[in-house]
Protein chains: 2
Amino acid sequence: MPAPTLRDVALVAGVHPATASRALNPQTRPLVNADTARKVLRAAESLGYQPNPIARSLKTARSTTIGLVIPDLTNPLFPPIVRGAEDVLSTAGYNAWITNTDNDPAREEAQIESLRSRQVEGLIVATARRQHPLLARLHEQGIRMVLVNRRVDGLELPSVTADDAVGIELAVAHLAALGHHRVAHLAGPQDTSTGVVRARAFRHAARDHGLSDDPALIAACAYWSEQDGAAALRRLLDSGTEFTGIVCGNDLIALGCYDVFAERGLRCPEDVSLVGFNGMPFLDKMRPPLTTVSIPHHEIGAEAARLLLDVIDDPTRPPRSVLLAPSLVVRSSTAAPR
Amino acid sequence: MPAPTLRDVALVAGVHPATASRALNPQTRPLVNADTARKVLRAAESLGYQPNPIARSLKTARSTTIGLVIPDLTNPLFPPIVRGAEDVLSTAGYNAWITNTDNDPAREEAQIESLRSRQVEGLIVATARRQHPLLARLHEQGIRMVLVNRRVDGLELPSVTADDAVGIELAVAHLAALGHHRVAHLAGPQDTSTGVVRARAFRHAARDHGLSDDPALIAACAYWSEQDGAAALRRLLDSGTEFTGIVCGNDLIALGCYDVFAERGLRCPEDVSLVGFNGMPFLDKMRPPLTTVSIPHHEIGAEAARLLLDVIDDPTRPPRSVLLAPSLVVRSSTAAPR
DNA sequence: ACGGCTACTGCAATCGACTGCGACGTACGG
DNA sequence: CCGTACGTCGCAGTCGATTGCAGTAGCCGT
């Protein structure tokens, strides 16, 4: 037996489908007689009627679903953000469609197009490069969206990010307090907003704490990955630059350093202190447990969802952006220099 | 300007929408004159026409999307499986809808119902408990599905799992070869098929290798989590049972042990050897790097998708199940007993 | 008693694509 | 030269829910 339709409900209730529709919809229920509404509700109940979201979407051009565009689900940074977003979306009656872009612009465009054609009512985008013509175009077309963890140059979009500047400041202050003077920064890709913001924050914090501002102490990674972190550290080491501490653009880059430490016979934290960024899971079980700047992943996702719901609710509202406070989690990868 | 519809294409091509539809669909294209078909294709191209999947789904009761039902995206086991499934699904022209159930039956039912009402053409389910009336019902209703990592009692469903028995055997053989005699097993929840299969395999392997078969050496965890792993190990320790090695039901349980080792002043691997199961990411950076039985996550997801596509393609085909071979990754959490 | 108003409810069109059936034209065989 | 068959294409209905418009009934006031 196929799923019951609105006609079936109407038949059982002895009314026209239009009336049934109005009775079932809380918005329009006042338009129908309270008694008939009750009859319809009972009929729907007894049949186990569930409205067909596809038919509804076709007619209303809405879908109660929003799209979550992320680079790669496999990056431990994203699942908690996704869950955070889903939590608030689902209590608001929305569903979430997740897609991975692998940071491939073509893939990204195809995915977003696919989401659009399914009438998603908004996008939470975590995949933005700084230059992002696609997002600019979508924004012009009136697609509601909010950015997570990244900004896009020259676009007035709501966004939620961790406060990178204070996070980096926390890390640098920690190292400075331990007595480090020459601290390196393994920066993230400089075509991402996060990468440049953290690098800039590092330079400022270093200066503020009277640390060396030798530009040779800063190396940028091509991607936010272990491999590229390791590569950047090798370049730094090979250049002969001296340093006793490293602040990494994120945890993955920091983990890449572990491999290089092993290669080069460096001990952490005895020879060099290391601090990550993001607070991904299981860092406390690492060798050594990684000191990191922890950001509230779940809350970031939740807040992004709230922002998006706001925008959907009232598109004219000026874009609101929120900065969430990170916190330093001190573990054993940092110590006073020898 | 709204997205172009089939009517627009037909207008530009100077034909009836019906003809345009047939021309656009490779299946029915032979029904229209080659020249008109070309005209239609060109018109579609020039307008950037994209068929509306919602309208199509409504009429055809298909959706080219499949549902991915997993317990929790935050568990590092699942993202690679999801990616594996997505990879083969997307090359077959399908999309994937991901939902988390948190192992909550009510939530699960709601999610699956939501998936169904969106006309998903099949389900990849990773969330099965051994007893699972919902899945049984869905199966009776003809919903195509394949199970991942778990089986359901008394249900003839295609499934793809790692070969738990050989995985456990690998782990036990490794410990036996190192000279361990009393090896404990921190089993997964016994209401999951994986939990019981691995526990049974452990008993067999222990016997085969001449290890102690003291039943006190086996402790089951309530969930596949660090907390429950830690709790189980504490119980084991408190019971006074002696052992020099532990085979864990999965990596998370093993990671829980790290905490207990620290609490009780136990050294790993000097005092006790530890092996995990699953091969989740970053285990090589743990303290100590965890020896584990690695399963091909990505391939599991990919294979599940292939199986599902097979079933969709020909529902009468007898359910095929596949077992994927795991491999032992030896790191530093295992050593000869003192 | 009649006009007018309110409160309901039904009719029918619509969203966009698909498809069974019928119509048209042409070509071909008889 | 006519009938048939085939190749193309259009018509109109359908999927299921929504909604503007119109119609009915009942009620009130004058």
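In this predicted model, the surface near DNA strand C is made up, by class, of 13 nonpolar, nine polar and five charged residues. Of the 27 residues around DNA strand C, those that come nearest are His16(A), Ala18(A), Thr5(B), Leu6(B) and Ala18(B). Two or more residues of this surface are given by each of H2 and H4 of chain A and by each of helix H1 (6-13), H2 and H4 of chain B. DNA strand D is surrounded by 26 residues, of which the closest are Thr5(A), Leu6(A), Ala18(A), His16(B) and Thr19(B). The surface near DNA strand D draws at least two residues from each of helix H1 (6-13), helix H2 (17-24) and helix H4 (53-60) of chain A, and likewise from helix H2 (17-24) and H4 of chain B. Sorted by class, the residues near DNA strand D comprise twelve nonpolar, nine polar and five charged.

The two protein chains also touch each other, in a contact to which chain B and chain A contribute 32 residues each. On the side of chain B that touches chain A, at least two residues are supplied by each of helix H4 (53-60), helix H5 (78-91), strand S2 (95-100), helix H6 (105-117) and helix H11 (251-264) of chain B. This side of chain B consists of 17 nonpolar, nine polar and six charged residues.

The arrangement of the two chains was examined by superposition, in which chain B is laid on chain A with an RMSD of 0.1 Å by a turn of 180° and a shift of 0.0 Å along the axis. These values describe the relation of a two-fold axis. The same surface serves both copies, in that 100% of the contact residues of chain B recur in chain A. Among the residues of chain B, Met286(B) comes closest to the rotation axis, its C-alpha lying at 1.9 Å.

Turning to the single chain, chain A contains twelve helices and twelve strands. For the 338 residues of chain A the globule rule gives 20 Å, whereas the radius of gyration is 26 Å, well over that value, so chain A is more spread out than a compact globule. The C-alpha trace of chain A spans about 85 × 40 × 30 Å along its principal axes. Of the 338 residues of chain A, 49% count as buried. Among the contacts in chain A with a separation of 6 or more, 71% are accounted for by residues 24 or more positions apart.

In soluble globular proteins, nonpolar side chains tend to be buried together. The largest nonpolar core of the present model holds 172 residues, and the members that touch the most others are Ile124(A), Val146(A), Ile124(B) and Val146(B). When residues up to four places away in sequence are not counted, Ile124(A) touches Ile66(A), Leu68(A), Val69(A), Ala85(A), Val146(A), Val148(A), Ala304(A), Ala305(A) and Leu308(A).

A further buried position is found in helix H8 (residues 164-178) of chain A, which includes Ala171(A). Ala171(A) has 29 other C-beta atoms within 10 Å, and since 20 or more are required for a residue to count as buried, Ala171(A) is therefore classed as buried. With residues up to four places away in sequence again left out, Ala171(A) touches Val247(A), Val275(A), Val293(A) and Leu328(A). Of these, Val293(A) lies 122 residues from Ala171(A) along the chain, yet the C-alpha atoms of the two are separated by 6.8 Å.

Several backbone features were noted in the loops. In chain A, the peptide bond from Arg287(A) to Pro288(A) is cis, with omega near -15°, and Pro288(A) belongs to the loop between strand S9 (273-278) and strand S10 (291-294). In chain B, the bond from Arg287(B) to Pro288(B) is likewise cis, with omega near -10°, and Pro288(B) is found in the loop between strand S9 (273-278) and strand S10 (291-294) of chain B. The loop between S9 and S10 of chain A also holds Phe282(A), which has a positive phi of about 70° although it is not a glycine. Phe282(A) is buried, with 22 other C-beta atoms within 10 Å. A positive phi, near 55°, is also found for Asp102(B), another residue other than glycine, in the loop between S2 and H6 of chain B. Asp102(B) is partly exposed, with 14 other C-beta atoms within 10 Å.

Note on methods:
Residues are numbered from 1 along each chain as its sequence is written. Chains are lettered from A and ligands numbered from 1 in the order in which they are written. This is a predicted model: local features need pLDDT of at least 70, side-chain atom pairs count only at pLDDT 80 or more; totals for chains, interfaces and linings use all residues. Two residues are in contact if their C-beta atoms, placed from the backbone, lie within 7 Å. Helices (H or I, at least four residues) and strands (E, at least two) are DSSP runs, numbered from the N terminus. Ala, Val, Leu, Ile, Met, Phe, Trp, Tyr, Cys and Pro count as nonpolar, Asp, Glu, Lys and Arg as charged, and the others, Gly among them, as polar. A residue is near a molecule or strand if its C-beta atom, placed from the backbone, lies within 6 Å of it. Copies are superposed by least squares on the C-alpha atoms of residues with pLDDT of at least 70 in both. A nonpolar core is a set of buried Ala, Val, Leu, Ile, Met, Phe, Trp, Tyr and Cys residues joined through C-beta atoms within 7 Å. A residue is buried if 20 or more other C-beta atoms lie within 10 Å of its own, exposed if 12 or fewer, and partly exposed in between; C-beta atoms are placed from the backbone. The radius of gyration is taken over C-alpha atoms; the globule rule is 2.2 Å times the number of residues to the power 0.38.
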